[in-house]
Amino acid sequence: MSITSNIKILKRMLKLYIELNKQIVDVQALAVVPAKRASNLPVNDLDIEEDFIFFCFSKFTKTILAIDKLIKSGFYEDALILTRSNYENFINSKAVVINPKMIDHLVEYKLGLINEKKYKFVNKRKSIIANIETNAEIQYINTISKIAKKSKEQDTYRIVYSYLCDITHCNIITSGYYRNGIQYSYELKNEIALYNALLWSVFLNIKFYNVLIVGEIFEYDELEEAVLGLLLNDNIKFVRIIEDEIKRFRKDTDADEEEKNEYERKLKIIMKSITLDE
């Protein structure tokens, strides 16, 4: 299929995800920990983990609503900048699902470092902190690259996140998004930028749905069934879109064979990550 046809498919997918995301947040995203603490009830690790995941997912959903508005207004590059934030929401949540100890780094240590309530930095450059009472030292994980590693998303960090960072920062290699020939423009509506804004938002939403399923946090069967139903169909759709993109790049670009092979290699990594949750 052409880019134009795949853009239509991605728009339909994103619309469905937005409605389902809103339903998930409205029905189930409850902040259990603050309510329990206010009532002097015991709080367990699972409560904290689920609260953190729903915080990430609520933030993800609000950001994707903003992305949708930017896309509809023609600000595709700015939609991609927000997609970078949603990548971070996704890997933070995945990190605590596949590595429960990460909840300490993302919640306990982060909150405990505020005004040195419970922890202090021993070496900021090396991210070493210590418990103020016991002086026990801890290797603090607080950078996106390290969180991506703990969430087993090193490949998407190198391929997707680096691209989104290029768009976010003043990287001259992205100047083509703001140039119409020799004329710089703030009005230009670039189809490739629109394609990427949709593609990576859909990609991250699918990946986040996998996190919710693997994390087994649904209390309502109808929500879980709705997510599983979309995943069964849309994983295949997304893979086909990536396959189309590989063909398009090979056919329509002036890149040499080595560049085409490298582009294909990266997209096949993306395909694998959508079909096989690590």
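Me: How many bridges join strand β1 to strand β2?
Reply: In this predicted model, β1 covers residues 119-123 and β2 covers residues 128-131. The two strands run antiparallel. One of the pairings sets Lys120 against Ala130. The number of bridges joining β1 to β2 is 4.

Me: Which residue of β2 is the bridge partner of Asn123?
Reply: Asn123 lies in a strand, β1, that spans residues 119-123. Its partner sits across the hairpin in β2, residues 128-131. That partner is Ile128.

Me: Which residue takes a positive phi in the hairpin of β1 and β2?
Reply: The hairpin has 4 residues between its strands. One residue there has phi near 55°. That residue is Ser127.

Me: Which strands stand at the edges of the sheet?
Reply: The sheet is open and has 3 strands, in the order β1-β2-β3. Pairing is antiparallel. An edge strand has a single partner, so one of its sides is left without a neighbour in the sheet. The edge strands are β1 and β3 (137-139).

Me: What is the average twist from one strand to the next, and which helix packs on the sheet?
Reply: The twist averages 40° between one strand and the next. The helix touches β1, β2 and β3, and its direction makes about 90° with that of β1. That helix is α5.

Me: Why is α4 called oblique to α5?
Reply: Helix α4 (residues 76-98) and helix α5 (residues 102-113) have axes that come within 7 Å. Those axes cross at roughly 125°. This crossing angle is why the pair counts as oblique.

Me: How many nonpolar residues are in the contact of α4 with α5?
Reply: From α4 come Asn92, Ala95 and Val96. From α5 come Met102, Ile103 and Leu106. No charged residue takes part, and 1 is polar. The nonpolar count is 5.

Me: How is α3 oriented relative to α5?
Reply: Helix α3 (residues 45-72) packs with α5 at an angle of about 75°. Their axes are 11 Å apart. That angle makes α3 roughly perpendicular to α5.

Me: How many charged residues are in the contact of α3 with α5?
Reply: Ile48, Glu49 and Phe52 of α3 meet Ile103, Leu106 and Val107 of α5. The contact holds 5 nonpolar residues and no polar ones. The charged count is 1.

Me: Which residue is at the centre of the kink in α9?
Reply: Helix α9 (residues 221-252) has 32 residues, so at 1.5 Å a residue it should span 46 Å. Its end C-alpha atoms are 46 Å apart, which agrees. Still, the helix has a kink of about 30°. The kink is centred on Asp234.

How values were computed
Residues are numbered from 1 along each chain as its sequence is written. This is a predicted model: local features need pLDDT of at least 70, side-chain atom pairs count only at pLDDT 80 or more; totals for chains, interfaces and linings use all residues. Side-chain values use heavy atoms; hydrogens and water are left out. Two strands pair if DSSP finds at least two bridges between them. Axes are lines fitted to C-alpha atoms, for helices over the stretch in contact, and angles run from 0 to 180 degrees between N-to-C directions. Angles under 35 degrees count as roughly parallel, over 145 as roughly antiparallel, 65 to 115 as roughly perpendicular and the rest as oblique. Contact means heavy atoms within 4.5 Å. Ala, Val, Leu, Ile, Met, Phe, Trp, Tyr, Cys and Pro count as nonpolar, Asp, Glu, Lys and Arg as charged, and the others, Gly among them, as polar. The expected span of a helix is 1.5 Å times one less than its number of residues. The bend at a residue is the angle between axes fitted to the seven residues ending there and the seven starting there.
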